[in-house]
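Would you like a walk through this structure, one selection at a time? Open your viewer and follow the stops in order.

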Amino acid sequence: MKSSEVIISVIVPVYNAEKYLKRCVDSILSQSFSDFELLLIDDGSSDLSGLFCDEYAIADKRVSAFHTDNNGVSGARQYGLNIAKGKYIQFIDSDDWLCHGAVGKVMDILNQHSEVDLVCTGLIWSYDNQKLNYVDIQCTADSEFSGKEFYIRYGAMGAVQRFVIRRQLLIDNC
């Protein structure tokens, strides 16, 4: 793998998230694994979110800011997917954040298993900084599921933030 190749594209749809965006972006940029691109997709925000996106793009070469008309979170994710360069995609909502070392742990799995299509992670549900529930669902690299089996097993906790997905798999199926 070339050192200039982007391994993970992190796509953050942003809509009127000025209260949360700093925590989100700072949690991504502070990861120990740093060979990623961060795509901030401002989805027509009417607050200062778009300006914050631009400031991050100026301050860090891994960050790119894009501004679109409001198309909703799915539209912003699709926009990001269309321009992403990474072999893998991770979607993070602008009011969410990554725990320290999260991307490194995913990279450990990807390095151990070269043909992994999807890595599942755990979630911590938090409201007003009170942790309500810890979810740790194991999805091992040797697990294989059909789309229906996967949905039955993981659909109830199918928050998109839980998955790092091979980009080509998304392109071929979205």
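The tour below starts with the sheet, moves to the helices and ends at a few single residues. Keep in mind that this is a predicted model.

**Stop 1: the sheet**

Begin by showing the strands. Six of them make an open sheet with mixed pairing, and their order is S3-S2-S1-S4-S8-S5. Which strands stand at the edges? They are S3 (63-68) and S5 (118-120); each has a single partner strand, so one side of each is left without a neighbour in the sheet. From one strand to the next, the twist averages 20°.

**Stop 2: two pairs of strands**

Select S1 (8-14) together with S4 (residues 88-91). These two pair in the parallel sense, over four bridges. To find one place where they meet, click on isoleucine 11, whose bridge partner in S4 is phenylalanine 91.

Now move to S2 (36-43) and S3. Here too the sense is parallel, and S2 and S3 are joined over six bridges. Pick leucine 39 and look across to serine 64, its bridge partner in S3.

**Stop 3: helices across the sheet**

Add helix H3 (residues 72-83), which lies across S1, S2, S3 and S4 and runs at about 140° to S2. Then add helix H4 (residues 102-112). Which strands does H4 lie across? The answer is S1, S4, S5 and S8 (163-166), and the helix runs at about 135° to S5.

**Stop 4: helix H2**

Next, select H2 (residues 49-59). Together with S2 and S3, H2 makes a right-handed β-α-β unit. Show the side chains of Ser49, Gly50, Cys53 and Tyr56 in H2, which are buried. Turn the view to look down the axis of H2: its buried residues fall within an arc of 120°, so they line one face of the helix. A general point about helices helps here: an α-helix has 3.6 residues a turn, so residues three or four places apart point the same way. What covers the buried residues of H2? The cover includes S1, H1, S2 and S3. On the other side of H2, you will find Ile58 and Ala59 exposed.

**Stop 5: serine 49**

Zoom in on serine 49, a residue of H2. It is buried because its relative accessible area is 0%, under the 20% cut-off. Follow its side chain to the backbone nitrogen of glutamate 18, which it reaches at 3.1 Å. Leaving aside neighbours within four places in sequence, serine 49 is in contact with Val14, Asn16, Ala17, Glu18 and Leu21.

**Stop 6: asparagine 16**

One of those contacts, Asn16, is the next selection. Asparagine 16 sits in the loop between strand S1 and helix H1 (21-29). Its phi is near 45°, a positive value in a residue other than glycine. Is asparagine 16 buried, exposed or partly exposed? With a relative accessible area of 30%, asparagine 16 is partly exposed.

**Stop 7: valine 63**

Finish in strand S3, where you will find valine 63. This residue counts as buried, at 4% relative accessibility. Select its C-alpha atom and that of leucine 39: the two residues are 24 residues apart along the chain, yet these atoms are separated by 6.0 Å. Setting aside neighbours within four places in sequence, valine 63 is in contact with Leu29, Leu38, Leu40, Tyr56 and Ala57. Tyr56 takes you back to H2, where it is among the buried residues.

Methods:
Residues numbered from 1 in each chain as written. Predicted model: local features only at pLDDT ≥ 70, side-chain atom pairs only at ≥ 80, totals over all residues. Heavy atoms only, no water. Buried < 20%, exposed > 50% of the residue type's maximum accessible area, 1.4 Å probe, protein only. Pairing = 2+ DSSP bridges. Axes fitted to C-alpha atoms, helices over the stretch in contact; angles between N-to-C directions. Contact = heavy atoms within 4.5 Å. Polar contact = N/O pair within 3.5 Å; in protein donor to acceptor, adjacent residues only side chain to side chain. Right-handed = clockwise from strand over helix to strand, strands pointing away. Arc of directions from axis to C-beta.
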